[in-house]
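Here are some short exercises to help you find your way around a structure you haven't met before. Try each task yourself, then read the worked solution.

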Amino acid sequence: MIQLFNVIKNYGSGKPALDDVSIKIEKGEFVFLTGPSGAGKTTILKILFGWEHFEEGQVLVQGINVGRLDPGNIHTLRRSMGVIFQDYKLLPNKTVFENVAFAQEVTNRDQKKIKFKTWEALKNVGLTPKKDSFPPQLSGGEQQRVAIARAMVNTPPIILADEPTGNLDQEISNEILKLFEEINRNGATIVFATHSQEILKPGKHRVIVLNRGKVVSS
């Protein structure tokens with residue numbers, strides 16, 4: 001499903017952001033990436049999504065050689081992924097319903113199907129009562145739920161989550177984690193970057209620990 005072979009990524013002077021990183025993630029796995037700030041967690045997610053280039057090594061996602069993609073065919077990679085950010089990246093002038101629907105409009109799905117899938121996604125995250133609200137009117141936990149609904153609405157086989165509970169209290173973080181686990185039970189492969197030891201405590205999922213751009217345990 002996801003394979004990184006001896007990947008090296010530099011941002012300029014100093015030590016590499018990723019230093020000879022090799023990781024294999026199987027289809028249907030739920031994997032945490034953890035480590036201190038600057039360990040390389042976000043860089044890995046950006047490379048997997050094709051936002052960042054890398055200098056050496058090889059990255060395969062569902063058989064696609066990421067290093068060989070150019071801007072003209074990057075969509076072949078990205079349409080297989082849903083991405084969730086710590087800062088949500090919702091469109092503030094669109095309602096909750098419109099934010100989730102927008103993720104489908106770029107796929108040229110017909111409007112009837114878009115409405116059905118949007119309702120279904122909002123129901124799954126418990127936000128149908130907030131469908132007409134705008135993001136600034138929502139709590140942090142509610143905004144993150146919208147972001148999760150948007151990521152899952154096209155039923156991608158891979159979900160990448162970059163510190164999705166970083167701005168939330170522990171109770172809400174646990175609820176968000178349960179949503180990811182439900183998505184995983186429905187078949188999606190989850191790669192979840194976090195520095196939170198509380199999130200990792202239950203020990204139910206594989207943990208890959210990074211430090212200074214290297215994998216130190218898996």
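**Exercise 1.** Work out whether Lys-117 is buried or exposed, and find its salt-bridge partner.

*Solution.* This is a predicted model, so every value here is computed from predicted coordinates.
- Step 1: The relative accessibility of Lys-117 is 14%. Buried means under 20%, so Lys-117 counts as buried.
- Step 2: Now look for the partner. Lys-117 forms a salt bridge with Glu-120, and the closest N and O atoms are 3.6 Å apart.
- Step 3: Where do the two sit? Both belong to helix H4 (residues 111-124), 3 residues apart, which is about one turn of the helix.
- Step 4: Check Glu-120 too. Its relative accessible area is 32%, so Glu-120 is partly exposed.

**Exercise 2.** Stay in helix H4 and describe the surroundings of Thr-118.

*Solution.*
- Step 1: Thr-118 has its place in helix H4.
- Step 2: With a relative accessible area of 0%, Thr-118 is buried.
- Step 3: Set aside the neighbours within four places in sequence. What's left in contact with Thr-118 is Phe-97, Val-100, Ala-101, Gln-104 and Val-153.

**Exercise 3.** Compare two other salt bridges: the one between Lys-9 and Glu-52, and the one between Asp-132 and Lys-131.

*Solution.*
- Step 1: A search of the whole structure turns up 12 salt bridges, so there are plenty to pick from.
- Step 2: Take Lys-9 and Glu-52, whose side chains meet at 3.4 Å, N to O. This pair ties together distant parts of the chain, 43 residues apart: Lys-9 is in strand S1 (residues 2-9), while Glu-52 is in the loop between helix H1 (41-49) and strand S4 (56-61). Both Lys-9 and Glu-52 are buried.
- Step 3: Now take Asp-132 and Lys-131, with their closest N and O atoms 2.8 Å apart. Asp-132 has 52% relative accessibility, so it counts as exposed. Lys-131, at 24%, counts as partly exposed.

**Exercise 4.** Lay out the open sheet of 6 strands and say which strands stand at its edges.

*Solution.*
- Step 1: Write down the order, which is S6-S7-S8-S3-S9-S10, with mixed pairing.
- Step 2: Look at the two ends. S6 and S10 each have a single partner strand, so one side of each has no neighbour in the sheet.
- Step 3: Add the twist, which averages 25° from one strand to the next.
- Step 4: Walk across from S6. S6 and S7 run parallel and are joined by 4 bridges, with Gly-82 opposite Ile-159 in S7. S7 and S8 also pair in the parallel sense, over 5 bridges, and here Ala-161 stands opposite Phe-192 in S8.
- Step 5: Carry on to S3 (residues 30-34). S3 pairs with S8 (residues 189-193) in the parallel sense over 4 bridges, and with S9 (residues 206-211) in the parallel sense, again over 4 bridges. Follow Leu-33 for a nice view of both: its bridge partner in S8 is Ala-193, and Leu-33 stands opposite Ile-208 in S9.
- Step 6: Finish with S9 and S10 (residues 214-217), which run antiparallel with 3 bridges between them. Asn-211 stands opposite Lys-214 in S10. The hairpin has 2 residues between the strands, and Arg-212 takes a positive phi near 50° there.

**Exercise 5.** How many residues of S7 are buried, and which ones lie on each face?

*Solution.*
- Step 1: Count them: 5 of the 5 residues in S7 are buried.
- Step 2: Recall the general pattern. Side chains in a regular strand alternate between the two faces of the sheet.
- Step 3: Sort the residues. Ile-158, Leu-160 and Asp-162 are on one side, Ile-159 and Ala-161 are on the other, and both faces are covered.
- Step 4: Find a helix that lies across S7. Helix H5 (residues 140-152) lies across S6 and S7, running at about 170° to S6.

**Exercise 6.** Find out which residues join Leu-91 in a nonpolar surface patch.

*Solution.*
- Step 1: Locate Leu-91 in the loop between strand S6 (81-84) and helix H3 (96-105).
- Step 2: With a relative accessible area of 33%, Leu-91 is partly exposed.
- Step 3: Add its companions, Phe-102 and Val-106. Together the three have about 260 Å² of accessible area.

How values were computed. Residues numbered from 1 in each chain as written. Predicted model: local features only at pLDDT ≥ 70, side-chain atom pairs only at ≥ 80, totals over all residues. Heavy atoms only, no water. Patch = residues over 30% accessible without salt bridge, like charges linked within 9 Å, V, L, I, M, F, W, Y side chains within 5 Å. Areas by Shrake-Rupley, 256 points an atom, 1.4 Å probe, with all protein chains shown as cover. Salt bridge = Lys/Arg side-chain N within 4 Å of Asp/Glu carboxyl O. Buried < 20%, exposed > 50% of the residue type's maximum accessible area, 1.4 Å probe, protein only. Pairing = 2+ DSSP bridges. Axes fitted to C-alpha atoms, helices over the stretch in contact; angles between N-to-C directions. Contact = heavy atoms within 4.5 Å.
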